[in-house]
Every structure is written in structure tokens, then in C-alpha cells.
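This report introduces a structure to a reader who has not met it before. The sequence and the model are shown first, and the description follows.

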Amino acid sequence: MRIIQISDTHLSPGKAHFADNWPPLARWIAEQRTDLVIHTGDVTVDGADVEADLQHSAELMRSLRARFRAVPGNHDVGDAGSDRQPVNDGRLQRWRTHFGPDRWVEDVGDCRLIGLNAMLLGSGECEEATQARWLETVMSDAGGRQIAWFLHRPLFLDSPDEGDTGYWSVKPKPRSQLIELARRYPVALIASGHLHKAHDFRYDRTRYIWAPASSFLVGEMAPPMPGEKRLGAVVYDVNGGTLEAEIVEVPGLASHWIDDVAEEVYPRRDR
Ligand SMILES: [Fe+2]
Ligand SMILES: [Fe+2]
């Protein structure tokens, strides 16, 4: 069984700066004969404030000839601790209206794929505690399956012990709780998006994959960190209990740089 992970499409009917990368991505997905597409967030340019972005992007996802699951990114539902766009029940409700649940489980072969809403981590919202209890339950009743997590924001950049990296990775407190859980069960794979970089590495018994974006690359606006600045997607092949993964090129994607259009797409007053 083949699963495709895509990430950070940043789609919008009003801000179509990266729209030209959707047709080649959709064409490539159709060629893969995949059973499931997983989108790891920032589906939209600004679904957190513009419902038309959510509606438009969900229509595009439904136009794929494949079933899909998605977890939200900061641009879809807002972020924990954000003054301007805090994640909250209203934003989560809008996401669920267009994309379905923001956390989910898919059992594929002998693997249990778990989608998590990383935007809740460190938010203090009731939903954060509810998700934590739910996660513990779906981990404990995995019944010996291999476990893989899919979430928007990576747990860490360089090391699980690093301090607060701000915008770029999960805050140290929720991170350490998740790392402890990932050790206890154990989790075979943790796949994320958000950084618009490709990276594939191991830490302890867990493989970490940073899925590249299909929309744009980030130049000087991002601090130095591991990973490769390239666009693309990730292909997973599930054979029984083994989960193979490969970060791949998607033919026809144009290498946009956010630095060139940041003031139009994400004006400084909004950042
Ligand atoms: Fe993004
Ligand atoms: Fe993001």
C-alpha cells in the first residue's frame, strides 16, 4: 500500500502566488496510484482568518483521485500563544467544517498512522488536554502495530534537549512529553512539515522526516537549521509491518521563494 505525504501547499483563491504548483502536484499524485494522501498542514495561505482559503483548498484536495487526511498548520488554524491569530475553538471548528477532524487514526497494514494537531501544543486550550488523553489511548490500543505520527510542526530542529526555538519547533514542555511517549511505545516514524525543508534522520529508535513543501522555499527569513532547501513530497510504502519512506522530487514544481513576495503574501503587520 502506497501513501503520499504532501505539505505546505499555501493555497488561496485571493493570493494565488503558489497556485501554479498545484497542477503538477495533483498530476504527480494521480500517477502514484496512492491509497491515501496525508497533508501535514499549511494547506492554505491564511485559512486562520479567511474561510474562502479553507473552502478553496479543501475543494482542491477533494479533486484528487485519492482519499486524504490532513492535519492543520499555523496558517490554517492559528497558533498557540499567537497574539494575532491564536488557535481557538472557532478556528478549529472552521477547519473541521472543511477538512474533517484535526486529529485522526488510520490503520494501514500493520501500521497505525496518527495525525496530530501540533498547533494546540502549549496553547492551554481545553482541546490540548483532550488531544493528549486521546493520543495516550490510541497509542496504548495500537495492538503491536508500528506507530507513525504526522503533525505540522517538528518536535525539534537539532536535538530533543534544545531550548525554545520560537516559531520553528514545538515548545520544550509539550515536546518532552511527546518524546517520552514516543520512547515508551515506541514510535517508528515522526513526519512533519512547516519548515519547507527536506530532512530524513534518526534519533533513538525513531525516524524523523521533514516533508518538503510544494509551494515555496524560505531564504534568509529562516535561521540556520538542518535540512535541504528543496520542494517535493514523501512516498511511503507499507508492507505488513514495514514502513519504507523516501523524500522525492515532484516534476514541474517552480522554485518560488517566500522572501521575494513576503510583503504581499504575509505582510509584516500581520506577522
Ligand atoms: Fe508553511
Ligand atoms: Fe507552518
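Which residue bridges the iron ion (ligand 2) and the iron ion (ligand 1)? Aspartate 42 does so, and the two ions lie 3.6 Å apart. The model is a predicted one, in which local features need pLDDT of at least 70 and side-chain atom pairs count only at pLDDT 80 or more, while totals for chains, interfaces and linings use all residues. Residues are numbered from 1 along each chain as its sequence is written, chains are lettered from A and ligands numbered from 1 in the order in which they are written, and side-chain values use heavy atoms, with hydrogens and water left out.

## The two iron sites

Donors are N, O and S atoms within 2.8 Å of the metal (3.2 Å for Na, K and Ca); water is not among the atoms, so sites may look incomplete. The table sets out both ions.

| Ion | Protein donors | Donor distances | Donor angles |
|---|---|---|---|
| Iron ion (ligand 1) | Asp8 (OD), His10 (NE2), Asp42 (OD), His196 (NE2) | 2.1 to 2.3 Å | 89 to 174 degrees |
| Iron ion (ligand 2) | Asp42 (OD), Asn74 (OD1), His152 (NE2), His194 (ND1) | 2.1 to 2.3 Å | 88 to 156 degrees |

Four donors count as tetrahedral if all angles lie between 85 and 135 degrees; four count as square planar and six as octahedral if opposite donors are over 155 degrees apart and all others between 65 and 115; anything else is irregular. The arrangement around the iron ion (ligand 1) is irregular, and the site of the iron ion (ligand 2) is irregular as well.

Along the chain, the donors of the iron ion (ligand 1) follow the spacing D-x1-H-x31-D-x153-H. Histidine 10 lies in the loop between S1 and H1, and histidine 196 in the loop between strand S7 (189-192) and strand S8 (199-203), so this pair ties together parts that are 186 residues apart in sequence. Helices (H or I, at least four residues) and strands (E, at least two) are DSSP runs, numbered from the N terminus. For the iron ion (ligand 2), the spacing of the donors is D-x31-N-x77-H-x41-H. Aspartate 42 lies in the loop between strand S2 (36-39) and helix H2 (51-63), and asparagine 74 in helix H3 (residues 74-77), so the pair ties together parts that are 32 residues apart in sequence.

Are these donors buried or exposed? Buried means under 20% relative accessible area, exposed over 50%, and partly exposed in between (1.4 Å probe, protein chains only). Aspartate 42 counts as buried at 1% relative accessibility, and asparagine 74 counts as buried at 6%. Histidine 10, at 2%, is buried, and so is histidine 196, at 3%.

## Helix H1

Helix H1 (residues 22-32) has as its buried residues Trp22, Pro24, Leu25, Ala26, Trp28, Ile29 and Gln32. These buried residues pack against strand S1 (2-6), S2, H2, strand S11 (233-239) and strand S12 (242-248); contact means heavy atoms within 4.5 Å. Alanine 26 has 19% relative accessibility and counts as buried. The C-alpha atoms of alanine 26 and leucine 64 are separated by 6.4 Å, although the two residues are 38 apart along the chain.

## Packing of H2 and H4

Two packed helices are described by the angle between their axes and the distance between the axes. H2 and helix H4 (residues 89-99) pack at an angle of about 25 degrees, with their axes 9 Å apart. That makes H2 roughly parallel to H4. Axes are lines fitted to C-alpha atoms, for helices over the stretch in contact, and angles run from 0 to 180 degrees between N-to-C directions. Angles under 35 degrees count as roughly parallel, over 145 as roughly antiparallel, 65 to 115 as roughly perpendicular and the rest as oblique.

Histidine 98 is found in H4 and counts as buried at 15% relative accessibility. Not counting residues up to four places away in sequence, histidine 98 touches Glu51, Leu54, Gln55, Ala58 and Arg62.

## Backbone features

Most residues other than glycine have a negative phi, and most peptide bonds are trans. Histidine 196 has a positive phi, near 60 degrees. Aspartate 204, in the loop between S8 and strand S9 (206-210), has a positive phi of about 55 degrees. Arginine 33, which follows H1, has a positive phi near 50 degrees. A cis peptide bond joins tyrosine 185 and proline 186, with omega about -10 degrees; proline 186 is found in the loop between helix H6 (172-184) and S7.
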